[in-house]
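User: I would like to go through the ligand site and the internal cavity of this model with you, along with a few points of backbone geometry. Please give the cut-offs as you go.

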Amino acid sequence: KSHTIIGAGILGASTAYHLTKRGEKVTLIDRLDYGQATDAAAGIVCPWLTQRRNKAWYKLAKEGAKYYPTLIQELEEQGETNTGYSRVGAISLHTDEKKLEKMMERALKRREEAPEIGEITLLPPNETNKIFPVLSRDYSSVHVSGGARVNGRGVRNALVRAAVKNGATFIKGDAKLVFEETSVIGASVNGQVYESDQVIVTAGAWASKLLKPLNLNFEIKPQKAQIIHLLLNGVDTSNWPVVMPPNNQYILSFGEGRVVIGATHEDDQGFDNRITAGGVHEILDKALSVAPGLSNASIEEVRVGFRPVAPNFLPVFGTIPQYKGLIVANGLGASGLTTGPFLGSELAKLACYESTELNIDDYSIS
Ligand code: FAD
């Protein structure tokens with residue numbers, strides 16, 4: 001069968017990769033908007049310590065984290081080694097011992113069904129500081145060895161390149177849906193029509209506009225995120241763990257002194273892609289209060305991305321009952337780097353009429 005995928009962020013790229021692996025014909029279209037969530041994201045893959053209670057979300061995030069090592073190995077076998085993925089471990093910080101004990105309990109309980117969490121250890125302030133030396137000495141932490149970091153841009157590029165190697169066609173441009181009555185039959189870019197048996201819309205925060213001509217009221221909203229890349233010159237940061245402070249921010253590092261801090265959660269800003277004084281101030285203020293050792297780092301880059309957010313912060317995917325030939329997936333929110341690769345493999349199954357591991361009804365679009 002033939003499939004047209006609109007949107008080549010992590011979700012569309014993964015769907016394309018998994019479809020081409022099955023020998024399906026794939027056309028992948030993206031207009032390379034500035035603000036693609038995947039492109040801005042430097043991400044944490046560590047869903048197990050969260051207090052979020054939504055079962056469907058946790059199931060998806062847990063499966064997403066578990067799937068990464070398999071996928072990364074597969075990509076490496078195809079020469080795609082530049083994903084930034086590494087299981088460097090993660091530490092969740094707190095000054096309140098009781099809160100840390102609760103966190104330990106939660107992690108130990110969750111490990112029964114998710115052994116990929118790895119070792120769980122309570123670290124006192126001196127040991128916490130030892131593995132992430134720029135931190136304030138005020139914090140103890142829970143360390144989980146299975147926590148990982150990944151570079152959104154890197155893993156997306158790897159997936160797109162692997163899909164193209166497997167035969168996918170990548171087209172840069174602004175796609176519109178082509179439909180006849182209640183059947184979606186393809187997409188058009190600059191007047192050129194690409195017909196296919198199925199169209200898969202993975203258009204992130206921009207999807208509502210794309211689906212409007214079908215009279216579908218798709219309630220995905222953009223949530224603006226600013227994120228800062230710092231450089232600690234001459235410091236080997238390659239094995240530093242991911243840090244989750246008690247606030248809603250995170251700190252993670254890649255090799256060669258690069259430390260990423262962020263990110264903001266800005267609702268109701270539309271697609272305003274400016275770097276703002278308030279955004280940068282909030283990130284620096286929160287990060288430096290936790291990690292004062294970063295104050296002399298140089299600021300290398302600030303990125304802006306738009307997280308696609310669904311009404312209940314729960315990702316949605318599936319077919320659309322009113323239209324034949326259309327599959328839609330969206331709403332990956334703040335955890336899309338974690339869930340995107342796995343959800344893409346699920347979308348490929350759905351598109352090939354195979355049964356999915358997730359129960360589709362739990363992520364219903366309607
Ligand atoms: P996107 O990556 O936004 O891709 C959608 C694509 O569709 C875009 O490229 C757009 O150009 C294209 N498109 C839309 N309409 C059209 C059209 N008509 N024609 C052609 N192309 C079109 N997640 C984690 O798990 N851990 C993290 O630590 C983390 N940190 C983050 C930090 C930041 C700063 C941001 C912004 C996000 C972070 N996320 C994180 C969330 C994650 O990045 C997103 O949930 C995920 O990338 C969403 O992927 P997507 O493919 O659905 O959308």
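User: Why does the ligand lie between domain 1 and domain 2?

Analyst: This is a predicted model, in which local features need pLDDT of at least 70 and side-chain atom pairs count only at pLDDT 80 or more, while totals for chains, interfaces and linings use all residues. Residues are numbered from 1 along each chain as its sequence is written, and side-chain values use heavy atoms, with hydrogens and water left out. With bounds taken from an automatic or database domain assignment, the ligand lies between the two because its shell receives residues from both domain 1 (2-39 + 153-219 + 312-363) and domain 2 (86-148 + 221-309).

User: How many residues surround the ligand, and which are the closest?

Analyst: A residue counts as near if one of its heavy atoms lies within 4 Å of the ligand. The shell divides into 18 nonpolar, 13 polar and five charged residues, where Ala, Val, Leu, Ile, Met, Phe, Trp, Tyr, Cys and Pro count as nonpolar, Asp, Glu, Lys and Arg as charged, and the others, Gly among them, as polar. In total 36 residues surround the ligand, the closest being Q36, T38, Y250, G333 and T338.

User: Which side chain has an N or O atom 2.7 Å from an oxygen atom of the ligand?

Analyst: Polar contacts here are pairs of N or O atoms within 3.5 Å. Backbone N or O atoms of I10 and L11 lie 3.3 Å and 3.1 Å, respectively, from an oxygen atom of the ligand. The side chain with an N or O atom at 2.7 Å from a ligand oxygen is that of T338.

User: What is the volume of the largest cavity?

Analyst: A cavity is a set of points on a 1 Å grid over the protein atoms alone where a 1.4 Å probe fits but cannot get out, and lining residues have an atom within 4 Å of a point. The lining of the largest cavity consists of V45, W48, A65, Y85, R87, E116, G146 and A148. Its volume, taken as the space filled by probe spheres set on the points, is about 30 Å³.

User: Which residues are joined by a cis peptide bond?

Analyst: The bond has an omega of about -5°. The residues it joins are G262 and A263.

Methods. A polar contact is a pair of N or O atoms within 3.5 Å; within protein, one must be able to donate a hydrogen and the other to accept it, and residues adjacent in sequence count only if both atoms are side-chain atoms. On a 1 Å grid over the protein atoms alone, a cavity is a set of points where a 1.4 Å probe fits but cannot get out, and a pocket is an open set with protein on both sides within 12 Å along at least five of seven lines; lining residues have an atom within 4 Å of a point.
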